[in-house]
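Please open the model in your viewer and keep the selection tool at hand. The stops below say what to select next and what is there.

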Amino acid sequence: TLAAAAEPSHEDLAECVDQLDHVLATFNALLRIARVESGAYRSAFKPVDLAPIVHDVCELYQVAADERQLEFESAQTDAVEVFGDRELLAQALTNLLDNAVKYTPTGGKITVRLERSGDIARLTVADSGPGIPERDRNRVLQRFTRLDQSRSQPGAGLGLALVNAVTMQHHGRLVLGDNSPGLVVTLELPALSPPRSIS
């Protein structure tokens, strides 16, 4: 429509810019997923403590939750180290919390929990939103998958695909479950051995 307009309005130009921004964001997300899946980041992997990542990202999303009038609870243990990339792990948690805030209705609840269970670092994000039917849980980890209840929200269906790619590159496992109501997403990663105390 913009090309057909002799004198495009400011609204037409603004809509065109918004559409271009969306295309660029989608392209960048696809490029990032491809780079993660190629293993391009693995050479920079090192011991990373998940606790400060969870603290920082939760602090950021506490503001967004407050704006949506959501109850936001974060519980974590002391240091939980994994071998990986801090930026990618922070991006994975950001994507999970972005979805939780986006799909949880006003008055709902989001819970983030970090714990260590033996040799597994377990990061869980649970919400009281619409959840994801069991039949669709594998499908939403693929690129461009958007369920009917998410059609009214902005996005390209790449958020969980990126989380899954990050999880796989960290030799982990991503589990989607029922929070009754809502979705619970658990990211399990191999934990590094904790330092032994000297007695």
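**First stop: helix 4**

Select helix 4, which is largely enclosed by the rest of the structure because eight of its eleven residues are buried; buried means under 20% relative accessible area, exposed means over 50%, and partly exposed lies in between, with a 1.4 Å probe and protein chains only. Helices (H or I, at least four residues) and strands (E, at least two) are DSSP runs, numbered from the N terminus. What you have open is a predicted model, in which local features need pLDDT of at least 70 and side-chain atom pairs count only at pLDDT 80 or more, while totals for chains, interfaces and linings use all residues. Residues are numbered from 1 along each chain as its sequence is written, and side-chain values use heavy atoms, with hydrogens and water left out.

Within helix 4, colour the buried residues, which are Leu160, Ala161, Leu162, Val163, Ala165, Val166, Thr167 and Gln169. After helix 4 comes His171, and its phi is positive, near 55°.

**The partner of helix 4**

Now add helix 3 to the selection. Two packed helices are described by the angle between their axes and the distance between the axes. Here helix 3 and helix 4 (residues 159-169) pack at about 145°, and their axes are 9 Å apart; axes are lines fitted to C-alpha atoms, for helices over the stretch in contact, and angles run from 0 to 180 degrees between N-to-C directions. The crossing of helix 3 past helix 4 is left-handed, a term used if the near helix is turned anticlockwise from the far one by less than a right angle, whereas clockwise is right-handed.

To see the contact itself (heavy atoms within 4.5 Å), show the side chains on both helices: helix 3 contributes Leu88, Leu89, Gln91, Ala92, Asn95, Leu96 and Asn99, and helix 4 contributes Gly159, Leu160, Leu162, Val163 and Val166.

**Charged pairs**

Side chains of opposite charge can pair when their charged atoms come close. A salt bridge is a side-chain nitrogen of Lys or Arg within 4 Å of a carboxyl oxygen of Asp or Glu, and by this rule the count comes to six.

Select Arg86 and Asp56, a salt bridge in which the closest N and O atoms are 3.3 Å apart. This pair links distant parts of the chain, with Arg86 in helix 3 (residues 86-103) and Asp56 in helix 2 (residues 50-67), 30 residues apart. Arg86 is partly exposed at a relative accessible area of 41%, and Asp56 is likewise partly exposed, at 39%.

Next, stay on helix 3 and pick Lys102 and Asp98, whose side chains form a salt bridge at 3.9 Å, N to O. Because they lie four residues apart in helix 3, about one helical turn separates Lys102 and Asp98. Lys102 counts as buried at 19% relative accessibility, whereas Asp98, at 34%, counts as partly exposed.

**Around Glu188**

Which residue does Glu188 meet in a salt bridge? Select Arg173, for the two side chains come to 3.2 Å, N to O. Here too distant parts of the chain are linked, Arg173 being in strand 6 (residues 173-178) and Glu188 in strand 7 (residues 183-190), 15 residues apart.

Keep Glu188 selected: this residue is buried, with a relative accessible area of 13%. Beyond its neighbours within four places in sequence, Glu188 is in contact with Ile120, Ala121, Arg122, Gly172 and Arg173. With Arg122, Glu188 also shares a side-chain polar contact of 3.1 Å, that is, a pair of N or O atoms within 3.5 Å where, within protein, one must be able to donate a hydrogen and the other to accept it, and where residues adjacent in sequence count only if both atoms are side-chain atoms. Thr124 is 64 residues from Glu188 along the chain, and their C-alpha atoms are separated by 8.6 Å.

**Thr111 and the whole chain**

Move on to Thr111 in strand 4 (residues 109-117), which counts as buried at 15% relative accessibility. Residues up to four places away in sequence aside, Thr111 touches Glu73, Thr124, Val125 and Ala126. Selecting Glu73 leads to a network of salt bridges that links Glu71, Glu73 and Lys109.

Finally, show the whole chain, whose secondary structure comes to four helices and seven strands, running α-β-α-β-β-α-β-β-α-β-β from the N terminus on. Buried residues make up 40% of its 199 residues.
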